[in-house]
Amino acid sequence: MPSAALSRLLPADGARVSVQQDGTWEDGSFLCKVTVDKNVVLIVNQMWVTAGYSARHVLIHEMKIWDQQSADGGAVVYADRGGASVVKCQAAGVKKYDVGTLVKVLKPGRQDEKAMGQLMRGYTLSLKARNPCRSD
């Protein structure tokens, strides 16, 4: 995860940062919570999404954010308080599912559209490099 972009979304005056992951990719999805001084301020949720769902659809469905910026041909979308991406898996022989990622900033985290865009693009690039698609 791009640390410079992430740090701009976390509270500026935080002293202790911790990360907790629930679930594993092998389970089909996972939820990662970033906590600053005992407050959950950022959530990363990675999940299987129905093939054909767009990142825009994921962000609207999960966070009701209609006003979005997009990058990477629409594979990444973001706003000041959240972002989503979808890695298409059809080329890897997967017919039913793609890999979706949703990132939410919670208070007292900071809302920053530019930082969220950088975070989502960097995270998605790293995810693609790990080849997250599976065959059914």
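What follows is a working chat about a predicted model, its sheet, one buried threonine and its disulfide.

Q: Before we start, what kind of model is this, and what are the pLDDT limits?
A: It is a predicted model, in which local features need pLDDT of at least 70 and side-chain atom pairs count only at pLDDT 80 or more, while totals for chains, interfaces and linings use all residues. Residues are numbered from 1 along each chain as its sequence is written, and side-chain values use heavy atoms, with hydrogens and water left out.

Q: OK, what's the strand order in the sheet?
A: The sheet is open, has seven strands and runs in the order β1-β2-β3-β7-β6-β5-β4, with antiparallel pairing; strands here are DSSP runs of E with at least two residues, helices are runs of H or I with at least four residues, and both are numbered from the N terminus. Two strands count as paired if DSSP finds at least two bridges between them.

Q: And which strands are at the edges?
A: Those are β1 (17-22) and β4 (69-71), each of which pairs on one side only. The twist from one strand to the next averages 15°, where axes are lines fitted to C-alpha atoms, for helices over the stretch in contact, and angles run from 0 to 180 degrees between N-to-C directions.

Q: Which helix packs on it?
A: Helix α2, residues 55-63, packs on the sheet and touches β3, β5, β6 and β7, and its direction makes about 140° with that of β6. Contact in this sense means heavy atoms within 4.5 Å.

Q: Let's go to β7: which strands does it pair with, and over how many bridges?
A: Strand β3 (residues 39-50) pairs with β7 in the antiparallel sense over nine bridges, and strand β6 (residues 82-87) pairs with β7, also antiparallel, over six bridges. On the β3 side, Ile43 stands opposite Lys104; on the β6 side, Gly83 faces Val103, Ser85 faces Thr101, and Val87 has Val99 as its bridge partner.

Q: Is Thr101 buried or exposed?
A: Thr101 is buried, with a relative accessible area of 0%, given that buried means under 20% relative accessible area, exposed means over 50% and partly exposed lies in between, using a 1.4 Å probe and protein chains only.

Q: What does Thr101 touch?
A: Leaving out residues up to four places away in sequence, Thr101 touches Val44, Asn45, Gln46, Met47, Gly83, Ala84, Ser85, Met120, Tyr123 and Leu127.

Q: Why call β7 and β6 largely enclosed?
A: Seven of the nine residues of β7 are buried, so that strand is largely enclosed by the rest of the structure, and six of the six residues of β6 are buried, so β6 is largely enclosed as well. Both faces of β6 are covered, with Gly82, Ala84 and Val86 buried on one side and Gly83, Ser85 and Val87 buried on the other.

Q: How does β5 join on to β6?
A: Strand β5 (residues 76-78) pairs with β6 in the antiparallel sense over three bridges, and the two form a hairpin with three residues between them. Within that pairing, Tyr78 stands opposite Gly83.

Q: Switching topic, which cysteines form a disulfide?
A: Cys89 and Cys133 do, with their sulfur atoms 2.1 Å apart, and the count comes to one disulfide when a disulfide is taken as a pair of cysteine sulfur atoms within 2.5 Å. The pair links distant parts of the chain, 44 residues apart, with Cys89 in the loop between β6 and β7 and Cys133 in the segment after α3 (113-129).

Q: What's its handedness, and are the cysteines buried or exposed?
A: The torsion about the S-S bond of Cys89 and Cys133 is about -75°, so the disulfide is left-handed, and Cys89 and Cys133 are both buried.
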